[in-house]
Amino acid sequence: MERSANRLIDHTKLVPGMYIASINGDVTVYELRFCRPNKGPFLTVEAQHTLSHLYEQILENIDERNAVLWFGASASCSGFYMVCRSIAHSDAIAMVSQATELIANWDKEIPGVSAKECSDIERHDLISAKKWAQMFISKVKNITQDMLVYPC
Ligand SMILES: [Zn+2]
């Protein structure tokens, strides 16, 4: 059995930022890496959950061309994956940057937190989510297309 693409990334060199996880035709999977592997601090489940709600809501509103097919958390609590169709990398970076900035300054309720819309309404942490967004905005604002490649 071949090793998965994720196992070929040198996790000792990986730093917070945005990366291309895979490209298949016109579909690109981006990783939004918030945490350094094996060093921490890692996202709590609560912060990750709140960030997921905020990114989903905000991306849905700013994604005028409906390029984002899916947005979700990584299993290792180290960030997120964003699946896009027919998008320029520069536009993906700009959209993530804009969404992250809006989250860092969010002063409203967490979107979608009702028993009808969410599967765990108790596990949210807006304060922590905003702190993580403030950290990530400093990374994503300086990302250029050549920085989207994983270290190997
Ligand atoms: Zn939820």
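Here are a few notes on the sheet in this model and the helix that sits on it.

1. A word on the model itself: it is predicted, so to speak of local features we need pLDDT of at least 70, and side-chain atom pairs count only at pLDDT 80 or more, while totals for chains, interfaces and linings use all residues. Residues are numbered from 1 along each chain as its sequence is written.

2. Start with the open sheet: four strands in the order 1-2-4-3, with antiparallel pairing. Helices (H or I, at least four residues) and strands (E, at least two) are DSSP runs numbered from the N terminus, and two strands pair if DSSP finds at least two bridges between them. Strand 1 (17-24) and strand 3 (68-73) are at the edges with a single partner strand each, so one side of each lacks a neighbour in the sheet. On average, neighbouring strands are turned by 20 degrees against each other, direction ignored; axes are lines fitted to C-alpha atoms, for helices over the stretch in contact, with angles from 0 to 180 degrees between N-to-C directions.

3. Now look at strand 4 (residues 79-85), which pairs with strand 3 in the antiparallel sense over five bridges. Met82 is the bridge partner of Phe71, and Cys84 is that of Val68. The two strands form a hairpin with five residues between them, and Cys77 in the turn has a positive phi of about 55 degrees.

4. Strand 4 also pairs with strand 2 (residues 27-33), again antiparallel, over seven bridges. Here Glu31 has Tyr81 as its bridge partner.

5. Finally, helix 1 (residues 45-62) packs on the sheet, touching strand 3 and strand 4 (contact: C-beta atoms, placed from the backbone, within 7 Å). The helix direction makes about 170 degrees with that of strand 3.

Key:
Two residues are in contact if their C-beta atoms, placed from the backbone, lie within 7 Å.
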